[in-house]
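Got a bound ligand and want to know what holds it? Let's walk through this one together.

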Amino acid sequence: MIVEQNVPLQAHNSFGIVAKARALVRVRSEADVQQLLAHGEHAAVPKFVLGGGSNIVLTGDVRPLVLKVEVMGRRLVENGSKALVVEAGAGENWHDFVAWTLDQGLPGLENLAQIPGTVGASPVQNIGAYGVELQDRFDSLDAIDLVTGRIFTLDAGQCAFGYRDSVFKHVAAKDGDFGLAGRAMILRVRFRLPKPWKPVLGYLDLVRKIQDSGVTLPTARQVFDWVCAIRGAKLPDPRVIGNAGSFFKNPTVTPEQCQDIIAREPNIVHYPMPDGSVKLAAGWLIDACGWKGKSVGNAGVYDKQALVLVNRGGATGGEVVTLARAIQTSVYERFGIRLEPEPVVV
Ligand code: EPU
């Protein structure tokens, strides 16, 4: 275990913001964490767990000790009659893992192709795309307590998944409170892929692919290729243009609130939810306020998807946050809706 000082983080956050970690430890196994905790000097200091950095905005150098997750490995754990269970180390790249499952003939994650970030970050914000959420394919995960060094396993219920939310996004103010942010590090995640495999094709963009291609019974590989093409057409590649995916969550309102907005804004994009609420497309709200293509300093709104904020080159975290606040204000003034950011501001 080596503690590195003043480590540049630009390559470790998908926004590509320039910042440093005052101190950083690469964690390749639970033993690295246990060794760290045995070290009096590092045991008590605040810690920040960094995965692929695809859901953070760095507004300055990171003062807590950064634990860079580099736990690797991928394997088939179980091949049962009703499901396959596959496991991956938290440090594995998410998209490469999804591609690997398909190469191994283990379908079920194809709708989640090309989401930036790591396997360990996937349950933190319950990633989702094109009709599938991580919680639909989740089995369990192993994590390590950053205070005691104890390893524990959580099932889906214990992860308390919500829309882009889990127990790992909440800070517990005192012992016994709900929340594991800053308290635990995810080591390995297991996914349960139902048998027989059935494609999930209900999302409008996929319906269009079926219509355009004439393929009505696609393979998992075909769905994977379609999802990659759809994402490539409207989302910027973080290796080329820094970004953190959708910057805001899609807000939900009551049917009454929705009717009130429709009366004023007949074109608003909205989806009824199973619980009776109505989800609004945040991208549409931001677009309707004229933000597409606009900038604050070097931070901008992507011109093909208004829900994505981008680094046009040399943006600071402060510029991203200022832009995000300006967007929140204009959406609130026009629609009376408060947009909630998806990434964590550090
Ligand atoms: N729209 C506009 N203008 C825009 C952007 C969107 O009018 O600038 C409209 C679109 O026409 C469409 C609707 O808004 O009718 C929804 O857009 P889209 O299908 O692109 O999906 P989204 O709701 O913007 C969500 C997820 C994405 C995920 C896609 C596909 C959230 C916050 N975002 O985006 O997830 O890939 O659905 O399932 O839920 C992420 O979380 O980082 C992410 C990329």
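Q: Which element gives the largest share of the shell around the ligand?

A: A quick note on ground rules: this is a predicted model, where local features need pLDDT of at least 70, side-chain atom pairs count only at pLDDT 80 or more, and totals for chains, interfaces and linings use all residues. Residues are numbered from 1 along each chain as its sequence is written, and side-chain values use heavy atoms, leaving out hydrogens and water. Strand E8 (128-129), helix H6 (220-234), strand E13 (242-246) and helix H8 (282-288) each put at least two residues into the shell (helices are DSSP runs of H or I, at least four residues, and strands are runs of E, at least two, numbered from the N terminus). The largest share, three residues, comes from H8.

Q: How many residues surround the ligand, and which are the closest?

A: Being near means having a heavy atom within 4 Å of the ligand. The shell has 24 residues. The closest are Tyr130, Tyr163, Tyr203, Asp287 and Ala306.

Q: Where does the ligand lie relative to domain 2 and domain 3?

A: Domain bounds here come from an automatic or database domain assignment. Domain 2 (74-194) and domain 3 (242-345) both give residues to the shell, so the ligand lies between them.

Q: How far is a polar side-chain atom of Arg164 from an oxygen atom of the ligand?

A: A polar contact is a pair of N or O atoms within 3.5 Å; within protein, one must be able to donate a hydrogen and the other to accept it, and residues adjacent in sequence count only if both atoms are side-chain atoms. Tyr163 has a side-chain N or O atom 2.6 Å from a ligand oxygen, and for Tyr203 the distance is 2.7 Å. For Arg164, the value is 3.0 Å.

Q: What percentage of the ligand's accessible area does the protein cover?

A: Areas come from the Shrake-Rupley method with a 1.4 Å probe, and for residues only the protein chains shown count as cover. On its own, the ligand has 820 Å² of accessible area, and the protein covers 83%.

Q: Is Tyr130 buried or exposed?

A: Tyr130 sits in the loop between E8 and strand E9 (132-133), and has a positive phi of about 50° although it is not a glycine. Most residues other than glycine have a negative phi. Buried means under 20% relative accessible area, exposed over 50%, and partly exposed in between (1.4 Å probe, protein chains only). With a relative accessible area of 8%, Tyr130 is buried.
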